[in-house]
Amino acid sequence: PTHRSPVARRRRTYQHRAWAQDEPAPDRNRVCSRSMVDEHRIPLERHAARVLPINPAGEVLLLQCINPASPEAPFWVSIGGGLEPGEDERQAVVRELWEETLIRCEPADLRGPVQREVVEFAWAEYDIVQHQAYYLVEVPDVVVSFARMDAIETATTLAYRWWSLDALSATTEHVLPNVVTAIEAAFTLRS
């Protein structure tokens, strides 16, 4: 079942490219030079880490989110976010998983990265280029909570759901294609 948050619904638009395993990751989030096309947009380049929690039933946890710029189109995405100064990817995954779901894990529990990519998307007033890596973590049956989310996350996260591969392949809901590719890679790693 889907568990909903009492918030408006919106959508994020992604474009992505493969990110080679040996390609160096940026050291920190950084603001890019302003776009000549729209001087009111803020370009931002950052590094992020994402996690695909999988429960004993073989289901992956995703969040349904919205983009503040387009409230009419919710989408499903993996858990994760930008690296904080001094964090490595595994530390960021552990922090983001706790902040967004109250699920605890240790860096040693993570497998991967199962996928690396660069995505470009608009979010609110930002044009973002995000270098990101996905990790897999096996979790027990757990209670998911949004209680530690910050105000922006609370306002843009609508629901969570545990998805089976069959449910993902049959859904008509918008699941970001790059997330589906990462999930497939995670399940291949589990085999």
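**Strand pairing, core and local environments**

Cys65 has Thr157 in β10 as its bridge partner. The model is predicted. β5 and β10 run antiparallel and are joined by six bridges. β10 is mostly covered, with seven of its seven residues buried.

The protein chain contains four helices and 10 strands. Read from the N terminus, the order of elements is β-β-β-β-β-β-β-α-β-β-α-β-α-α. Of the 191 residues, 47% count as buried. The accessible surface of the chain comes to about 9500 Å². Carbon and sulfur atoms account for 52% of that surface. Contacts between residues at least 6 apart in sequence were also examined. Of these, 72% join residues at least 24 apart.

Confidence was assessed along the chain. The mean pLDDT is 83. A value of 70 or more is reached by 80% of the residues. Over residues 2–37, however, the pLDDT is below 50. This stretch nevertheless has 110 contacts in the model beyond near neighbours in sequence.

The largest nonpolar core holds 48 residues. Leu52, Val60, Leu62 and Ile183 touch the most other members. Several elements give two or more residues to this core. The strands among them are β4 (42–54), β5 (60–67), β6 (70–77), β8 (111–123), β9 (126–138) and β10 (157–163). The helices are α1 (89–101) and α4 (177–190).

Leu62 illustrates the packing. Neighbours within four places in sequence are left aside here. The contacts of Leu62 then include Trp76, Val77 and Ser78. Leu62 also contacts Ala159, Tyr160, Arg161 and Trp163. Leu168, Val175, Val179 and Ile183 complete the list. Ile183 is, like Leu62, one of the core residues that touch the most other members.

Three further positions were examined individually. Thr101 is found in helix α1. Thr101 counts as buried because its relative accessibility is 0%, under the 20% cut-off. A polar atom of the Thr101 side chain lies 2.5 Å from the backbone oxygen of Leu97. Beyond four places in sequence, Thr101 is in contact with Leu61, Ile79, Val143, Val144 and Ser145.

Gly81 is placed in strand β7, which spans residues 79–82. The relative accessible area of Gly81 is 5%, so this residue is buried. Its C-alpha atom is separated by 8.4 Å from that of His47. The two residues are 34 apart along the chain. With neighbours within four places left aside, Gly81 is in contact with Arg46, Ala48, Ala49 and Arg50. Glu96 is also in contact with Gly81.

Arg104 lies in the loop between α1 and β8. Arg104 is exposed because its relative accessible area is 64%, over the 50% cut-off. The C-alpha atoms of Arg104 and Val94 are separated by 7.0 Å. Along the chain, Arg104 and Val94 are 10 residues apart.

In summary, Thr101 in α1 is buried, as is Gly81 in β7. Arg104, in the loop after α1, is exposed.

Key:
Residues are numbered from 1 along each chain as its sequence is written. Side-chain values use heavy atoms; hydrogens and water are left out. A nonpolar core is a set of buried Ala, Val, Leu, Ile, Met, Phe, Trp, Tyr and Cys residues joined through side-chain atoms within 4.5 Å. Buried means under 20% relative accessible area, exposed over 50%, partly exposed in between (1.4 Å probe, protein chains only). Contact means heavy atoms within 4.5 Å. Accessible areas come from the Shrake-Rupley method with a 1.4 Å probe; for residues, only the protein chains shown count as cover. Two strands pair if DSSP finds at least two bridges between them. pLDDT is the predictor's confidence in each residue, from 0 to 100. A polar contact is a pair of N or O atoms within 3.5 Å; within protein, one must be able to donate a hydrogen and the other to accept it, and residues adjacent in sequence count only if both atoms are side-chain atoms.
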